[in-house]
Each structure stands twice: as C-alpha cells, then as structure tokens.
Amino acid sequence: MSDTKQIRRLTPSSSETLITLLETLPGALFIIDDAATIVYANVSAQTLTGATREDVCGKPLWSGAPHLVSTALYQAVLRARQTRKWTEVEYRSPVTQTWFHAQLLPTGVGLAVLFQENTEPKRFQDALRQSEQKYLNLLESVSDRMAVLTPEGLVLEINQRPLADSLCQREEVVGKPFIETPWWSYDPAVQQQLHTAIEQASRGKSVHFEARIHPQEGWYLDLTVTMTPHLDADGHVEYLIYAGRDITARKRAEAELHALVDAIPQQVWTIRPDGYLDYCNQRWLDYTSLSIEQAQGDGWIQCLHPDDRQRIQDAWQMSRKTGMPFETEQRLRHGMTGTYRWFLVRALPVRDETGQIIKWFGTSTDIEEQKRAEQKLKESEERFRLLAETVPQVVWVARPDGQHEYTNQHWCDYTGLTLEQIQSDRWAQLPFFHPDDREDRQARWQHALDTGAMYEHEGRLRNGQTGEYRWFLTRGVPMRDEAGQIVKWFGTSTDIEEQKRTEEALRQSQKRASVLMNSNMIGINIIEGEQIVDANDTFLHMTGYTREDLRAGRLNWMRMTLPEYLARTRQAHQELAAQQSITYEKEYVCKDGSRLPVLVCGVVLQHHPFQGIAFILDNSARKELEQRKDSFISMASHELRNPLASLKMQTQLVRKRLEKQTHHEAAALLSRVEGPVKQLERLIGELLDVSKIQAGRLEYLQETVDLDALLHEVADTMQQLSPTHTIVVRGAVPCSLVGDKDRLWQAFTNLLSNAIKYSPDAETVEMDLSASAEIVMIRVRDHGLGIPREQCDKIFDRFYRVSGPRQRAIPGLGMGLYIVAEIVKAHGGTIMVDSAVGKGSTFTVTLPTRTSLSSPWIDREKQRGKQ
C-alpha cells in the first residue's frame, strides 16, 4: 500500500489537499500507532532521518529514527498515549546533540509527532535545557557504564563509556535491544543473564549480578551490574536504568589471591556484601565434596549441622548489619564420610576507599581435637558435679584422719544434720547409726584409716525426719598423691533397703518353693525343649522313674506322651510360649508302660525364658469316676428306655379306650401323663446321646437337607409349642447341604428352646439367616437373663449350667448345648455365643455348604438297603 493510500485510510476525511499540507510542513512529522510503529513520515521527517519513507515506515520510532530518541521523548510518548491529550517536550538528542521541540497530538490511530529543530527557547525552557544539559553531563561524567532502557530492553540513552569500549557509535545502539549490542551478544549465556535481569527489572525489582562481557575480540571486562526500574506517579515501570561497574582489576586480584589461599591449610572463602558466597578454596571443596557451583549463594548452608544452622545465620546477619568481625564455632559435614567436625570460623570485612564493604574474607580452622579435649574435661567436671549433688547416693569426702570435710545435699536432707554438725569431732557419736551397727562400723572405718584399704560396710542409718532406719552400703576409697600418701577419702552411701527386702523375699520364696518341691501331692518338673531337666520326687514316683534316670537324661516328655495326646501337647507348648501359662489334660506313659491320666499346669520361667515348669496332678481317680458315671448313664439310659416306651404305649392305649367308652374326663386326666412321659423320654434320649458322644458312637445319617425349609419348620413347631414368645425369622439360606436332618432339627430346636426358656420376661426370640457361596450363618438371639462373660467359654461343656440364682431356678441337666456343639462340629461347623448379663444372648452357628463327612456318617440309601 502506498503512503498516500495509507494516509487516506488512517484519516477518513483526508484529501489531496491535506496530504499536500502534511508534506509541506516545515517540521518533521511522524504518525505512529499504539505500538509506536511509524505508519507515516513526511518529507521533512525523511530529510531529518536521512532515510526514505520505505526505510522508516513499519519500524518502531526508536529504531526508525534513532537520531531523535531520548528518555524525555520516550516519557512524552507514554504520557500522551495514557492521557490522550496534546503534549510537548523539549530535549537534546544524545546522538546529534541537537535541541528539538516535539509536539505530540493523539489521533484515531495513535499519535502524530512533530519535531522542530533549533527552536528559540523560552524563559522556562532555558531552565529545562540547563537541567537537561546537567543530566547529560552527569551521564557522561560517571565512570560506570550507564544506559537508559525501555521496559522491553530498547536503548533510549547511553553514555560514551560502553560505546568507547566497543568502538561503536551511539546511533548504532540507540533504539535497539540492549542484549544485541556487541559486548553482550558475544556469549549466549551472558546474553541470557542480561535478558533475565531486564525481565525482572521490568516487573519492578532491582537486580544485581556479575558478568564477564567482551566489548572487542580478545578483550573482556568483568562488570558488577545493577538494573534499577524507574516508576511513574502511578507506580508503573517507566524505564530502566542500567549501571555496570568495571571490577576486572578486582577479579584478577581475587584470582591471584585464590591461587595463594589454595595453598593455605585452612579453609578459605569469600562472601559478597549481600551475603552471596562466591568463592571457596580447594581445601573447603575437598572437605565438603561440593563443587563451587553447589556451594555458591546459600548452598554452603547444607554442610552445616542442622542444630547450628539458625545460630550461624543469625550471627552472620548481625555481622553483615554491623560490619563487625564474624567469629563462631560450627560443625561442618565431611562429604565422604558424612561425619561432622568442629571448625573455628572467622571472617573480616574488606572495605574500599570510601569505607564500603566490598567483600568478606573468612577462614575455617579444624578444632575437632580441641573440642574433644574440652568435651572430656567438661564431662569429667560434670560427672563430679553430678556425683556430688544429683546422684541418689550419699556422697562424702573425708580428710586422711577420717574427719569429714564435705557431704552432698542428699546426706544432709536424709540425716537432718548440717555440714557443720558433720564436721564436728563428735559426729560419729551422733544418733543416726543403728545401735546394733555402730561397733562394727567404727571397727571397719578405723581399720581402713590404719591400713589404707578400701572401706566397706552395710549398716542402717536413721532418717532425720521420720526416725526410721534404712539399710545403706557405704564404700570409701583413698586418693593418694605422687608419694603414695592418702590426701582424701572419697565415699558413697547407697540405699539398699529394697535390695535387702528383695533378698528377704527371695529367701522366703525359696523356702516356699522348697516346700512345694517336696510336696507329696503335686508332681513338678522343669523342661528345656523336649527334655525334662529336673523333677521332684513326687513326679518321679508317679511315673516310676528314678533320680538316676533323670540325671542320665532318660525323661523326655515327647517319648512319655501317648500318640493320641501328642498333638494336644504340642499345641499346649505353643500356647505356653504365647500366654506364659496353660492348663490341659493328657496321659503319660510310665516307665513300666502303664498309662497315667494327669492334669498339667505349665508356666514359663520369666528369669529363664527357655525353661518351663509344669505342675502335675494325678487324674486317675477323677478319670475313673467319670468313666463309671458315663457307664452308669449309658446303662441307665438303656435300662430306662424300654420300660418308658412300654409305659408310653400303654398310656396311649388306655387313653384311646377311655375315649371310645366316652370316659372323656378320665382320658383327659390320663393325657396329662403323656407330657411328663415325653419330657422324661427326651431327657433319657439326651443322656443316651451324651453317653454315645463320650464313647464316640453317635452316628449321623448322610442325606441332602433343605436347610431353609428345615429352619422354618423348626420355628413353626416351636411357635406352636411356646405361644408365650413370638419367634421372628429374618433372611433366608436358599441352599442345600449334606447332613443329618434329624440331628440338625434337634440342634436348632434345642437352641430355640433354650432362648425361650432363659428369657421368661421377654416377648420375642429372633432367628437371623444369611448365606454365601461357602457358608451359611444362623443367629439365635434372645433378650433374657444373659450369661456372665467369664462363663461363656464353659456353657458347651457336658453337664455345665450357669451358676446365677435365676438360671438355677430353671430346670435342666446341662446336656443340651453340649449335644448342640457336638452336632454342629460333626457337620464341620462352629458355634459361638455373645452374651451379657441382663441383655440376653446370641448363639451363632456357622455351617459349610460342602461338608467333609467323617467316619460316624451313614449313607441314607445304604441304610435303606439294609432295612
């Protein structure tokens, strides 16, 4: 697009006359958009810049017209853009040294900027020019390399020093990015360092850094650079001030100094005034195993002991703030071993001719051995202090003649005597020694004084406050000089009252143990592993072994245990290790081969965890009595069953004949006999079942059982028999299992009957059913009397009944739950009870859906075949 067309587009009301007018203006006119890009330049503007319209249009004003660029112009452009008002500024071009008067007028597309040369200054403009001249003179007079940049990093002004370094002209860099100047573009890493600083400064942060630049090929300069943002009245960054100070000579001197300090045995380092560690000698690096890059800045702090870091940082900040020398002790981690060693750290500030700190030079000297010696001395003194004042013992010091010259506070507190009283000539006659111990104590102390031997005595000392005596062990050791002469006696008195009581208790315990071991009622043995290593005479007599057999190692509990009791015995030993004590029944094989039923109580010896002691009670009489009882029950059950069956049958026949003969009242009375007969029949049946269980002869039929139907039938039947309670069934067990239907009926009938019987004041009994692929679970819950928790583990024992007064009033022989547990166990299941007194009981039966049947089972079809 031509310039004329562009003007026409930018100015809707433009005409050829307007274009001609703009072209003939005596001043240089530029029209720039909001990005400060030149979109139009008249003939005077082209003449001023020495470029054609094509050369300047499309470029930023700062690079398209570098002769006109200055900080004042940049500020005026920003102001006109923000206020959208006519603005003017007068300034001198840093490039041509020509004074310009610039007028800025906002337009629809940006700004129209009109430049006029050599304007006649007005009165206030003279002062402005003088101020501008002073500013330029100051810029040129400073020794630092100075520049003014836009927030984007374009050069607005620059003094002659950096231009002279690189042999550049001002117009070559003004209006261009500072990072592309020859001295910064030489090294990409340094160029990126400057770029980062410009970005940070443009966000309002002052930035300091050091860099090495190359103004010319083969020549470098070390600079310390400060990039400072200049803010306008609204707090926005207006432009950036760059200052670079030449520190090349200092850097070279430091390099020479570093070469020197690397040979020093101490660790040497330097820190800048801002706290940045910039150098460590090789000895420091070798010790810490860090690189100089890792140590620089705050990286060195990681080598400090964690307990020292805050203290060192606080002390270092104080030295930096006050300028006072820094000195402290710290622990430094060794990079290879990870151990910490103590170092004495000193640092002094180095100042320039103006008194400003330019560097901190420091050294770190290994003082580990010194610290260890100090620590040993400190520990020795601390031990003596603790010995004298904080140990629970009484501590005293006596002269060679036996006169006490010092006691600790514990001695004074216990005896109620002062140090002056103890130092008197009559302290030994003071009444704090027990009368029965005074003569022996004095004789032993005199013997020690005469011979120089160590003094030791056990005696009772009286407590000054309570008047009671306690046992103390007193020892005194002589301290001699180089010639072997005793110069002092150091002694302690230790309270051994508890020890004395323990010894007495041990004697009594040993006496009681001796009585127990000599008992002729209880056998006792001590085992290690499988071997019986000791036993009393009663155990040897019970088993037929002799003391010689014991000494020869012929008593081994594994070999003395019958095969059918071996698994239970091993289990008992495992439980003993976990529970520390166990009680169980078994049978020993005696030396003559006979069997001895025993009750065993085992205990682990706490002082010897690899040994156990067993108390053996001869169980023969009880076993024989149980056998007789079982035989009697079995015989009585069989003997009573036949006449009872005959009585039941005859009663039913008589009742039916009476009913046929219309003797209804007599028949009704006779029918009442059938109830007790049925109850007696059930009790006899349970007795017979118990005897069969004990003999291992209770048989089970093997058949498929619809458990869900069976449980509902049991519930319905019990509901009819017990109208006082409502039986609530929840859930279902929709599965079949292999078992004995009648025995399962018996088990769940018994559970429901117990629940009703032991909840006389409740209204409901609940049965909850649930099932999974592997098991079925039946819970029978009542809200009755409940069972004490300590008796819950016993209620499944044969003939056991809960001992509460209300439970004893309810009839029963304690056989029902024993039979239920055996039936559930035979079906591969488990039964548990959860109960609390006054809150009822819950019996939980768990049965597997696939039962592994054992020998007592009889196949139903085979039985039918036999029949």
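Helices (H or I, at least four residues) and strands (E, at least two) are DSSP runs, numbered from the N terminus. The structure is a predicted model, in which local features need pLDDT of at least 70, side-chain atom pairs count only at pLDDT 80 or more, and totals for chains, interfaces and linings use all residues. Residues are numbered from 1 along each chain as its sequence is written, and side-chain values use heavy atoms, with hydrogens and water left out.

**Exercise 1. The five-stranded sheet**

Task: State the strand order of the open sheet of five strands, and identify its edge strands.

Solution:
- Step 1. Strands pair if DSSP finds at least two bridges between them. The order in this open sheet is 2-1-5-4-3, and the pairing is antiparallel.
- Step 2. Strand 2 (38–41) and strand 3 (87–92) each pair on one side only, which makes them the edge strands.
- Step 3. Axes are lines fitted to C-alpha atoms, for helices over the stretch in contact, and angles run from 0 to 180 degrees between N-to-C directions. With direction ignored, neighbouring strands of the sheet are turned by 20° against each other on average.
- Step 4. Seven bridges join strand 4 (residues 99–106) to strand 5 (residues 110–117) in the antiparallel sense. Opposite phenylalanine 115 in strand 5 stands alanine 102.
- Step 5. Contact means heavy atoms within 4.5 Å. Helix 6 (residues 71–83) lies across strand 1 (28–33), strand 3, strand 4 and strand 5, and runs at about 175° to strand 3.

**Exercise 2. Helix 10**

Task: Determine whether the span of helix 10 agrees or disagrees with the value expected at 1.5 Å a residue, and state which residues of helix 10 are buried.

Solution:
- Step 1. The expected span is 1.5 Å times one less than the number of residues. For the 15 residues of helix 10 (residues 188–202) this gives 21 Å, and the end C-alpha atoms are 21 Å apart, so the two agree.
- Step 2. A residue is buried under 20% relative accessible area, exposed over 50%, and partly exposed in between (1.4 Å probe, protein chains only). Val190, Leu194, Ala197, Ile198 and Ala201 are buried in helix 10.
- Step 3. These residues lie on the same side of helix 10, because they cover an arc of only 100° around the axis. The arc is that of the directions from the helix axis to the C-beta atoms.
- Step 4. Pro188 and Ala189 are exposed on the other side of helix 10.
- Step 5. The buried residues of helix 10 pack against strand 6 (145–149), strand 8 (207–216), strand 9 (219–231) and strand 10 (237–246).
- Step 6. After helix 10 comes glycine 204, with a positive phi near 95°.
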